[in-house]
Amino acid sequence: MSPARVLVETLTIPAVLFLGLLFCFPMAFHQPQPHHAKLVIADLALERKVDSALQRQHPGGFDVTAVADARAARRAVLDRDAVAGFAAKGRHAVLYVAKADGVSLEQALTKGFTQLAAHNHQRLTVTDVAPTVGKDGLGTTLVYFGIAWNVPGYILATTLLRAVTFNRRRKLLTIAGVAALFSVVGFFVGVGLGFFPNSPAALVIAFLLTTAVATFSLGMAPFVKHFFPLVGLGLYVVLSVPSSGLVPVQLLPRFFQDLHAVMPLGNAVDGLRGILYFHDAGVLKPVLVLGAWIIAGMALLGLDAWRHHRMAVHRGAEDEQEDVPEPPVEDPSLEAPAPTALPVHPHHFGELLPMLEGTVSDGEQQPVHRAAVTVMDAGGRQLVRAATNARGEYAVTGLPEGYISVVVSYPGRHPLVHQKLLQSGVAVRADFTLHDRRNGTSTPVNPQRVGLGQARHGS
């Protein structure tokens with residue numbers, strides 16, 4: 001591969017992320033302005049007057065509707081049907097806002113309606129119907145906790161991709177366990193330090209967020225392959241953070257408002273706000289969106305399982321194998337890391353675990369040092385090459401799911417090939433006994449011509 005191509009492939013992901021961060025964050029956070037923020041006005045005649053005034057100040061900034069009275073206006077804000085309600089009687093006017101939606105939105109609304117009231121010679125009273133706790137003065141603390149439950153979910157998926165001895169079921173159970181732990185720890189930190197109210201229902205949203213991100217990431221990995229870091233960071237950082245609610249959604253450009261409606265982080269923040277400050281109003285939709293991300297992730301895992309099972313059945317029909325069982329349809333492994341030869345020693349924490357291991361010995365059962373071990377896929381393409389140690393041992397990881405051929409050769413001895421079927425969560429062994437060319441009875445095998453149809457069966 002030419003140096004130019006290597007450089008392009010190396011810089012593609014950092015360059016795309018750089019451009020994404022460069023454009024998304026400033027566009028979302030620089031000079032936020034209202035875009036189609038919903039307001040309710042307690043009086044039809046007053047609604048038309050307020051709508052005309054606001055359209056002159058902020059064209060397209062507000063969608064104004066009328067309600068019966070001041071009580072209905074206040075209820076609309078508490079039910080999250082509107083970001084603000086306005087009622088006026090004589091020289092007195094009341095603006096109902098919710099600081100839990102973000103203090104910048106509250107300030108923008110207060111400024112606009114103060115000017116409107118002054119123009120009409122009215123005295124404005126601002127009533128906060130959903131005040132935040134003292135340590136959440138800006139109304140954005142929930143976003144920070146959401147990020148803490150969001151990004152580690154993606155990191156969890158990346159680490160599980162390297163857990164080659166874990167099958168899909170075990171990986172999903174790990175995700176559920178870690179999500180439960182993170183949600184509990186984060187909740188008690190937030191409540192204990194006074195960052196948000198004590199409402200245990202928030203644990204459900206936190207659990208769903210981490211589970212959704214980790215499950216979808218795990219499911220998409222076999223399909224996006226080496227673009228996995230780009231897609232993951234793009235989804236959960238570049239697109240999620242600007243649309244999360246760090247700046248109130250109503251002050252974001254339309255593109256980020258649309259993103260907020262579907263991204264897991266934004267919906268989780270909405271769900272947390274509904275539980276903690278709005279008496280569970282508006283929680284159903286975020287729960288459904290997070291559930292949809294989990295279902296989509298599991299569907300991708302199932303699709304990948306079906307794809308590998310079809311490949312295994314097809315290869316098995318061509319050349320039946322007796323020394324390994326057919327893998328179950330519902331539980332094959334996820335695509336593993338790049339094929340890699342490993343040193344053979346007791347496993348240490350954080351190290352890769354072997355997917356394939358074995359020994360090579362001679363006719364007298366003595367270890368063969370530096371025997372060449374070549375692993376090939378079903379099409380005869382070399383995946384990785386290793387050498388045995390002084391004890392005749394070898395180990396390999398990062399192999400794809402399905403049938404592989406393991407070819408062992410050593411100068412002066414007949415090469416051998418074993419065919420193996422790799423399945424989820426199972427470390428496969430392939431041991432070899434190489435006989436001397438002069439005394440052995442094994443049939444020579446040409447490693448360059450080995451295919452599944454030509455493979456000799458062995459243990």
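Me: Hi! Which side chain of opposite charge is nearest to Glu106, and how far away is it?
Reply: That is Lys99, 5.4 Å away; Glu106 is buried yet has no salt bridge. Buried means under 20% relative accessible area, exposed over 50%, and partly exposed in between, with a 1.4 Å probe and protein chains only. A salt bridge is a side-chain nitrogen of Lys or Arg within 4 Å of a carboxyl oxygen of Asp or Glu. For charge, Lys and Arg count as positive and Asp and Glu as negative, while His and the chain ends are not counted.

Me: What kind of model is this, and how are residues numbered?
Reply: This is a predicted model, where local features need pLDDT of at least 70 and side-chain atom pairs count only at pLDDT 80 or more, while totals for chains, interfaces and linings use all residues. Residues are numbered from 1 along each chain as its sequence is written, and side-chain values use heavy atoms, with hydrogens and water left out.

Me: Back to Glu106, where is it and what does it touch?
Reply: Glu106 sits in helix α4. Leaving aside residues up to four places away in sequence, Glu106 touches Val97, Lys99 and Asp128. Contact here means heavy atoms within 4.5 Å. Helices (H or I, at least four residues) and strands (E, at least two) are DSSP runs, numbered from the N terminus.

Me: How about the sheet, what order do the strands come in?
Reply: The order is β2-β1-β3-β4-β5, and these 5 strands form an open sheet with mixed pairing. At the edges are β2 (62-66) and β5 (123-128), each pairing on one side only. Two strands pair if DSSP finds at least two bridges between them. On average, neighbouring strands of this sheet are turned by 20° against each other, direction ignored.

Me: And which strands does helix α4 touch?
Reply: Helix α4 (residues 103-119) packs on the sheet and touches β1 (37-41), β2, β3, β4 and β5. The direction of α4 makes about 160° with that of β5. Axes are lines fitted to C-alpha atoms, for helices over the stretch in contact, and angles run from 0 to 180 degrees between N-to-C directions.

Me: In what sense do β3 and β4 pair?
Reply: Strand β3 (residues 84-89) and strand β4 (residues 92-97) pair in the antiparallel sense, over 5 bridges. Ala87 stands opposite Val94 in β4.

Me: New topic: how many aromatic pairs are there?
Reply: Searching the whole structure gives 11 aromatic pairs. One of them is Phe86 with Phe113, a tilted pair at 4.9 Å centre to centre and 35° between the planes. Rings of Phe, Tyr and Trp (its six-membered ring) pair if their centres lie within 6.5 Å; planes under 30 degrees apart count as stacked, over 60 as edge-to-face and the rest as tilted.

Me: Which parts does that Phe86 and Phe113 pair tie together?
Reply: Phe86 lies in strand β3 and Phe113 in helix α4, so the pair ties together parts that are 27 residues apart in sequence. Phe86 is buried at 2% relative accessible area, and Phe113 is buried too, at 1%.

Me: Why is the pair of Tyr154 and Tyr236 tilted?
Reply: Their ring centres are 5.8 Å apart and the planes are at 45°, so the pair is tilted. Tyr154 belongs to helix α5 (residues 141-160) and Tyr236 to helix α8 (residues 228-239), so this pair ties together parts 82 residues apart in sequence.

Me: Which residues do ring pairs link into a cluster?
Reply: Phe145, Trp149, Phe187, Phe188, Phe195 and Phe196 are linked that way.

Me: Now salt bridges, how many does the structure hold?
Reply: There are 8 salt bridges. One of them joins Arg80 and Asp270, whose closest N and O atoms are 3.9 Å apart. This pair links distant parts of the chain, with Arg80 in the loop between α3 (70-78) and β3 and Asp270 in helix α10, 190 residues apart.

Me: Are Arg80 and Asp270 buried, exposed or what?Reply: Arg80 counts as partly exposed at 24% relative accessibility, whereas Asp270 counts as buried at 17%.

Me: Which helix holds both Arg254 and Asp258?
Reply: Both lie in helix α9 (residues 254-262), 4 residues apart, about one turn of the helix. Arg254 and Asp258 form a salt bridge, with the closest N and O atoms 3.8 Å apart.
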